[in-house]
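The exercises below ask you to trace strand pairings and a turn in a protein model. Work through each task with the structure open, and then compare your reasoning with the solution.

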Amino acid sequence: FKIILAPLVGTFYSSPKPEDPTFINIGENVQIGQIVCIIEAMKIFNEIENDSGISGELVHTYVKDGTPVEYGQELFVLRINNV
């Protein structure tokens with residue numbers, strides 16, 4: 001398993017707009033470099049990519065949409081794909 005952490009402090013958003021689908025969903029495969037969420041900090045919307053160095057299946061999300069996150073806070077858990 002690999003955990004994706006918040007790279008900055010801000011507000012977590014799981015989709016680009018409230019009416020849009022989420023970037024990633026439980027059970028989906030997440031690739032390296034794929035956008036997984038947005039963190040808004042000081043009115044700037046930062047697209048957060050899977051920079052964990054692995055691709056894998058999303059098995060858990062720690063944060064609810066619209067909630068504040070801290071630097072280094074756990075966001076997602078990926079199950080590493082077999083190679």
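**Exercise 1.** Which residue is the bridge partner of Thr11 in S4?

The model is predicted, so to speak, by computation: local features need pLDDT of at least 70, side-chain atom pairs count only at pLDDT 80 or more, and totals for chains, interfaces and linings use all residues. Residues are numbered from 1 along each chain as its sequence is written, and side-chain values use heavy atoms, with hydrogens and water left out.

*Solution.* Begin with the elements: helices (H or I, at least four residues) and strands (E, at least two) are DSSP runs, numbered from the N terminus. Strand S2 covers residues 10–13 and is joined to S4 by 3 bridges, the two strands running antiparallel. Within S4, the bridge partner of Thr11 is Glu40.

**Exercise 2.** Place S4 in its sheet, and state which strands stand at the edges.

*Solution.* Two strands pair if DSSP finds at least two bridges between them. On the other side of the hairpin, S4 is joined to strand S5 (residues 44–49) by 6 antiparallel bridges; among the facing residues, Ile38 stands opposite Glu47, and Cys37 has Ile48 as its bridge partner. The open sheet of 4 strands that results has the order S5-S4-S2-S7, with antiparallel pairing. S5 and strand S7 (68–69) stand at its edges with a single partner strand each, so one side of each is left without a neighbour in the sheet.

**Exercise 3.** Is strand S4 largely enclosed or not, and why?

*Solution.* Apply the cut-offs: buried means under 20% relative accessible area, exposed over 50%, and partly exposed in between, with a 1.4 Å probe and protein chains only. In S4 (residues 35–41), 6 of the 7 residues are buried, so this strand is largely enclosed by the rest of the structure.

**Exercise 4.** Describe the turn between S4 and S5.

*Solution.* S4 and S5 form a hairpin with 2 residues between them. Met42 lies in this loop and has a positive phi of about 55° although it is not a glycine, while Lys43, also placed in the loop, has a positive phi of about 70° and is likewise not a glycine. Met42 is exposed, with a relative accessible area of 79%, and Lys43 counts as exposed at 75%.

**Exercise 5.** What is the strand order in the open sheet that contains S3?

*Solution.* The order is S1-S8-S6-S3, with antiparallel pairing among its 4 strands. Strand S1 (2–5) and strand S3 (29–30) are the edge strands, each pairing on one side only. S3 is joined to strand S6 (residues 56–61) by 2 bridges, and Asn29 has Glu57 as its bridge partner.
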